[in-house]
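Today I opened my notebook to look up a few things in this structure, one stop at a time. Come along and keep the picture beside you.

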Amino acid sequence: MLLTAPLLSKSSFFGSLVNKCRPAAIANFSVTASVASTPRTIEEKLGLPPRPKKPLTPYFRFMQDQRPKILAENPKYSTIDIVRVISKRWSNADEALKKRLQEDYKRDQQKFVEVRAKYEAKMTDEQRSELKQLKQDIQEAKDRRMMRKRIKELGRPKRPASAFLRFLIQERTNSPQTTKQTYREWHQKCTEKWARLTDKEKEVFLIESRKDMESYKKEIAEWEEKMVRLGNIDVVRHGNLIEAPEPKLKGIKPIV
């Protein structure tokens, strides 16, 4: 079997993502090493051989040939300038050249279809399932990023900081992280300090948090009402779109 490389489990894959998202203070590897070791394709993330690549279209074959020539003639050209020149040259290119590039593309496309069929035929059901799940996870993560961006652009009010987070912000000034501490160690120390605070000491942060939360609730309600009027239903919390049931009147029997 061609695809004999071990598969990574879903949990181990996301575990690696969590490690990459940790603060730089606790990272034990250099940026260069991280970039070099990061898989570039979905298949590589699962420990599979790279999937056969689709051949370049005639236009991109032309672009690949022309780009170094244009850069040699005009070293200061930006990417946009280069694309404009290539587009113009392609429009004026000889039809015989375009026909040859098209024939090369068709020939390589046929080879690609054959190689891809052999590649997929050697995949196990487990590998197909893992690949499908990973693609789905990546798409869902992309959708969440797009939604967060959309919500931000629409000006959704920001949720206020919790009492503990306000305490952390204060500690960054009063007891900042030392050069000998990792962020995890500093955070753990703050957590332990928070646990030792009396209810009266915590009340200062709790009062501020509650006050801001009340204002936030009013702001988010007004914003969501505005979003509904504008037709942006997708950014409104689902619970707020459900109409409340009609109240039942006591003492009145239903009409049969």
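**Surface charge.** I began with a patch of positive charge on the surface, where K142, R144, R145 and R148 gather. A reminder to myself: the model is a predicted one. I picked R144 and found this residue in helix α7, residues 125-153. Is R144 buried or exposed? Neither fully: R144 has 45% relative accessibility, so I noted it as partly exposed.

**Helix α7.** Next I checked the span of α7. Its 29 residues at 1.5 Å a residue should span 42 Å, and the end C-alpha atoms are 42 Å apart, which agrees. Which residues of α7 are buried? I listed Q127, L131, L134, D137 and I151. After α7 comes G155, and I wrote down its positive phi, near 75°.

Still in α7, I looked at D125 and R128, whose side chains meet in a salt bridge at 3.3 Å, N to O. The two residues are 3 apart in the helix, about one turn. D125 is exposed, with 64% relative accessible area, while R128 is partly exposed at 35%.

**Salt bridges.** How many salt bridges are there? The count comes to 14. I looked up another one in helix α6 (residues 95-121), where D104 and R100 sit 4 residues apart, about one turn of the helix. The closest N and O atoms of this D104 and R100 salt bridge are 3.8 Å apart. D104 counts as buried, with 17% relative accessibility, and the cut-off for that word is under 20%. R100, at 44%, counts as partly exposed.

Then I turned to E171 and K193, which form a salt bridge with closest N and O atoms 3.1 Å apart. E171 belongs to helix α8 (residues 163-174) and K193 to helix α9 (residues 183-196), so this pair ties together parts that are 22 residues apart in sequence. E171 has 3% relative accessibility and counts as buried; K193, at 32%, counts as partly exposed. I also noted a network: E43, R51 and E120 are joined by salt bridges that share partners.

**A buried isoleucine.** My last stop was I82, which I found in helix α5, residues 79-91. I82 has a relative accessible area of 4%, so I entered it as buried. What is the separation between the C-alpha atoms of I82 and I70? I noted 6.9 Å, for two residues that are 12 apart along the chain.

Note on methods
Residues are numbered from 1 along each chain as its sequence is written. This is a predicted model: local features need pLDDT of at least 70, side-chain atom pairs count only at pLDDT 80 or more; totals for chains, interfaces and linings use all residues. Side-chain values use heavy atoms; hydrogens and water are left out. Patches are made of residues with over 30% relative accessible area and no salt bridge: like charges are joined within 9 Å, nonpolar side chains (Val, Leu, Ile, Met, Phe, Trp, Tyr) within 5 Å. Accessible areas come from the Shrake-Rupley method with a 1.4 Å probe; for residues, only the protein chains shown count as cover. A salt bridge is a side-chain nitrogen of Lys or Arg within 4 Å of a carboxyl oxygen of Asp or Glu. Lys and Arg count as positive and Asp and Glu as negative; His and the chain ends are not counted. The place of a charge is taken as NZ of Lys, CZ of Arg, CG of Asp or CD of Glu. Buried means under 20% relative accessible area, exposed over 50%, partly exposed in between (1.4 Å probe, protein chains only). The expected span of a helix is 1.5 Å times one less than its number of residues.
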